[in-house]
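This report goes through selected features of one structure, heading by heading. Please keep the sequence and the 3D view at hand while reading.

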Amino acid sequence: MNVAVVIPDTSLETRARRVAAVAARQADAVDAKACFPREAVDAMIAERLLGIQIPVSLGGEGAGFAEIAEVCSILGQACAASAMVFAMHHIKLSSLVEHGLESPWHTQFMRRIAAEQLLLGSATTEGGIGGNLRNSICAVEVADGICRLEKDATVISYGDHADAILITSRAHADAVSTDQVMTVFLKDQYTLEKTHVWDTLGMRGTCSDGFLFRGVAPAEQIFPKPFAEIAAQSMLAASHLLWSGVWYGIAADAVARAQAFVRAAARKTPGTTPPGALRLAEVSTMLQTVRSNIVAGLKAYEEAKADPERLSSMGFSVVMNNVKLCSSETILAIVNHAMLICGIMGYKNGTPFSLGRHLRDVHSAQLMISNDRILSNVASMLLVHKLDNSLLG
């Protein structure tokens, strides 16, 4: 079925900023009530942002990671939870775009996403393995063209609100834990029994509760490629680059609030350098470091994406992991600096300079795929891989 899709004639940035305006108005309420940012997601749908990564031939806009990361940043400056929902959706969508074009079902599903602006959720964690997405306990069962899966998913990204869930499992009952596949289940093909409530320090609006997932669907909805390839060739880069875009947005807004505070202080005492001015100069260099780190990572991905072997190489993994490590650790220092600049006005809620939500949200960055786990993997790779020390790459 071919569906005519009308792509807005305004720029992607303009559309993203319109969504950000909606997200900003509800950001504090979303955080306080731990509620899904429904208005912001509806605005994404209205601006047709959920299908921008899909190829033009399938009704999308063919947007690359750099464009999507910029949208993540714009949304992150308004509402971190809204930005993270957008980022996680596009991380899942990258698996379809990069690994589903040879499958008639997945190709047609991409047409539906573009036409209907469907929201994709993720279920890669599981009771008993924690956040190690490259291991599964549950196994998909396939018989007579039908697949069945039951998974104790400790976290499903905005599970109650997704239109489809992309979920990992062992390839079959006798498969080892790392022999995995990923399957798409549509909303009417699964049930969710809530087991854990998402009551967290930050990123509260992502509403990533835990569920017992039970799904039944045609077996053609299983990705034709092993999840190991999908994880290495698309999910690794998509996760670390798009998450970093969100985190940069949070940090950029924190610095903007700190700058506004210093400017307000300067106006009160003309001719005198406010106490926070030097810290503001210092934190601006840290923010630039994060930006440069992400831009370099996006460039590395663009250079590697045409070569599957390079995408699966140790060298590429080290680069992408380092992007995540640098971004997730530096943004916490940035928001802390901004808090010191704004002082009690940053510490208090309800002021133009409030930074409590930013500080709590950025603490999630080092935990989304634990930095300790990533450092351990990088350490193992560096035992056999020589770093590229060229300045130009």
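## Glu47 and its partner

Glu47 is buried in this predicted model. Its relative accessible area is 14%, which falls under the 20% cut-off for that word. The side chain of Glu47 takes part in a salt bridge with Arg18, and the closest N and O atoms of the pair are 2.7 Å apart. Arg18 belongs to helix 1, while Glu47 sits in the loop between helix 2 and helix 3 (65-76), so the bridge ties together parts that are 29 residues apart in sequence. Arg18 counts as partly exposed, at 38% relative accessibility.

## Other salt bridges

How many salt bridges does the structure hold? The number is 15. Another of them joins Arg17 to Glu13, with 3.0 Å from N to O. Arg17 and Glu13 are four residues apart in helix 1, which puts about one helical turn between them. Both ends are open to some degree: Arg17 is partly exposed, with a relative accessible area of 44%, and Glu13 is partly exposed as well, with 42%.

The salt bridge between Arg204 and Asp199 also has an N to O distance of 3.0 Å. Here one end is buried and the other is exposed. Arg204 is the buried end, at 14% relative accessibility, and Asp199 is the exposed end, at 61%. Elsewhere, salt bridges link Glu150, Glu193 and Arg214 into a network.

## The sheet

Strands of a sheet pair through backbone hydrogen bonds, and the pairing can be parallel or antiparallel. In this structure, three strands make up an open sheet in the order 1-4-5, and the pairing is mixed. Strand 1 and strand 5 (180-186) are the edge strands: each has a single partner strand, so one side of each has no neighbour in the sheet. From one strand to the next, the twist averages 25°.

Strand 1 pairs with strand 4 (residues 164-170) in the parallel sense, over four bridges. Two residue pairs show how these strands line up. Leu120 has Ala164 of strand 4 as its bridge partner, and Ala123 has Ile167 of strand 4.

Which residues of strand 1 point one way, and which the other way? Leu120 and Ser122 point one way, and Gly121 and Ala123 point the other way. All four are buried.

## Two residues with positive phi

Most residues other than glycine have a negative phi. Ala34 is not a glycine, yet its phi is positive, at about 50°. Ala34 lies in the loop between helix 1 (12-33) and helix 2 (38-46).

Gln117 is another residue other than glycine with a positive phi, in this case near 55°. The place of Gln117 is the loop that runs between helix 5 (104-116) and strand 1 (120-123). Is Gln117 buried or exposed? With a relative accessible area of 3%, Gln117 is buried.

## Cysteines without a disulfide

A disulfide is a covalent bond between the sulfur atoms of two cysteines. How many disulfides does the structure hold? There are zero. Cys79 is therefore in no disulfide: the nearest cysteine sulfur belongs to Cys35 and is 9.1 Å away, while the cut-off for a disulfide is within 2.5 Å. Cys79 is buried, at 2% relative accessibility.

Why is there no bond between Cys138 and Cys147? Cys147 has the closest cysteine sulfur to that of Cys138, but the distance is 12 Å, which is too far for a bond. Cys138 counts as buried too, at 8% relative accessibility.

## A nonpolar patch on the surface

Three residues, Met314, Leu383 and Val384, form a nonpolar patch on the surface. Together they have about 340 Å² of accessible area. Met314 is located in helix 9, which covers residues 314-342. With a relative accessible area of 39%, Met314 counts as partly exposed. That value is over the 30% required of a residue in a patch.

Definitions and conventions:
Residues numbered from 1 in each chain as written. Predicted model: local features only at pLDDT ≥ 70, side-chain atom pairs only at ≥ 80, totals over all residues. Heavy atoms only, no water. Patch = residues over 30% accessible without salt bridge, like charges linked within 9 Å, V, L, I, M, F, W, Y side chains within 5 Å. Areas by Shrake-Rupley, 256 points an atom, 1.4 Å probe, with all protein chains shown as cover. Salt bridge = Lys/Arg side-chain N within 4 Å of Asp/Glu carboxyl O. Buried < 20%, exposed > 50% of the residue type's maximum accessible area, 1.4 Å probe, protein only. Pairing = 2+ DSSP bridges. Axes fitted to C-alpha atoms, helices over the stretch in contact; angles between N-to-C directions.
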